Amino acid sequence: MSQTAEIPMVPGSESPLELKHIKAVDPHAVYHRRAQRLLTLAKDSPLADYFELCRRVVSIQARLAKEADFGQLLSWGKEGAIPLSHLGSEVDSYWQGLLQQLLSDLLPQVDESVARVVRLLMQQSPEQLSTWGRALREGRMSDAPARFSLFLWAAMGLYWSHWAPMVIKRMDQRKLKQQSLCPICGSHPVASVIVDEPRAGLRYLHCSLCESEWHYIRAHCTSCGQDKEMTIWSLDDAQAQVRIESCDECHGYTKMMFIEKSPLMDVAADDLATLILDKELNAKGFGATTVNPLLLAHETE
Ligand SMILES: [Zn+2]
Ligand SMILES: [Zn+2]
C-alpha cells in the first residue's frame, strides 16, 4: 500500500454550471450489474460463499425492481430538504411486503444455516421489522441483529430506489448544497465514483439505500468537508481502479472507484472485494465514513 501521486484534475472541471447535481439511476440496471459483478469478483475472493449469497439476494432485487408492486408514495417531504428521509409509517407495509417476497424467493436457494435465519426473519412481527428498519436507516446498525441486516436493507433499498428517480425529477436541484449524506433519502454513501462525463474527473457519491448519485467536489473530505489535508492511497499502482481518500482532520476515509477504467465496476461489490484497503487504513487509525448494503454486519453474534 502506498500513497499515490496527486491525481490530475481538469482545470475548471468543478464549475457547477454544466453538471447534474443528482443523477437518478434505474434500480433494475444497478442491481443487475451488481449481481454480474459479484459473480465475477467471487472467483478470486476468499469470501466466495458470501459473494454468492449476496449475488442471489441482489439478483432477486433486480427481478423485483421490475415486477413488484410499490403502491403509491403517499407522504414525502416535498418542501423538506431531504424528501425521502422521514416517510410515514405506511411505507413499512410496502417494504415489508418486498422483504417477504425476497425471502421466499431466496429460501430454496440457500443452505440450511442461512435458511434458518431466513425463516426466523419471515416470522418477525411487522412492528419488530419496522423498529429494525428504522434503526438501520438512522445509522444505528447494532440495534438490528447483524444476521438480518443484509435482507432488511435489501428490501428497503428496493423500495427507496424505486421512488428516488421520481423524486429527483421533481426537485429543484439548483437549491442543493454540497452534502455528505444523500440529498434524496439522507443515507450514507457506499463510495465515490469518478466519471468522465460530462467532464473528466467528476466525483459523485453513490447512495447506500436509494442508489442515487450526487456530485461532490474532488479533494474535499466527504465527511467533514475540509479541503486542505487529504491523502490518496492505493495498493501498489497509482492508476488503480479503487483508491482511498483519507482526511487528516476527521480521520475518515472514502473509497473512490474509477469506473471509466472499468465500466463493469459496482460500488457495493467492488467495495466488498477491496476490504484489504480498509484493513490497512483502519490500522493507520482511519475509519470508513461510508455504509455498504452488503456489509452491514457490524455486530458479531
Ligand atoms: Zn439515497
Ligand atoms: Zn474529514
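**Exercise 1.** How far apart do the C-alpha centres of domain 1 and domain 2 lie?

*Solution.* Keep in mind that we're working with a predicted model. Start with the bounds: domain 1 takes in 2–20 + 177–288, while domain 2 covers 26–173. Now take the C-alpha centre of each domain; the two centres lie 24 Å apart.

**Exercise 2.** Work out how many residues of domain 1 are in contact with domain 2, and what kinds they are.

*Solution.* Count a pair as a contact when the C-beta atoms, placed from the backbone, lie within 7 Å. That gives 17 residues of domain 1 against 21 residues of domain 2. Next, sort the domain 1 side by residue type: ten are nonpolar, four polar and three charged.

**Exercise 3.** Why does the chain's radius of gyration agree with that of a compact globule?

*Solution.* Plug 301 residues into the globule rule and you expect something near 19 Å; the chain has 19 Å, so the two agree. For the outline, lay a box along the principal axes: the C-alpha atoms fill roughly 55 × 45 × 30 Å. Then check burial, where 40% of the 301 residues count as buried. Last, look at contacts between residues at least 6 apart in sequence: 66% of them join residues at least 24 apart.

**Exercise 4.** Describe the secondary structure of the chain, then of residues 181–218.

*Solution.* Chain first: eight helices and nine strands. Now zoom in on 181–218, which UniProt lists as "domain: FdhE central" in an unreviewed entry. This span is 0% helix and 42% strand, and its end C-alpha atoms lie 16 Å apart.

Note on methods
Residues numbered from 1 in each chain as written. Chains lettered and ligands numbered in written order. Predicted model: local features only at pLDDT ≥ 70, side-chain atom pairs only at ≥ 80, totals over all residues. UniProt positions renumbered as here; feature names shortened; annotations may be inferred. Helix = DSSP H or I, 4+ residues; strand = E, 2+ residues; numbered from the N terminus. Domains from an automatic or database assignment. Contact = placed C-beta atoms within 7 Å. Nonpolar A, V, L, I, M, F, W, Y, C, P; charged D, E, K, R; others polar. Rg over C-alpha atoms; globule rule 2.2 N^0.38 Å. Buried ≥ 20, exposed ≤ 12 C-beta atoms within 10 Å, placed from the backbone.
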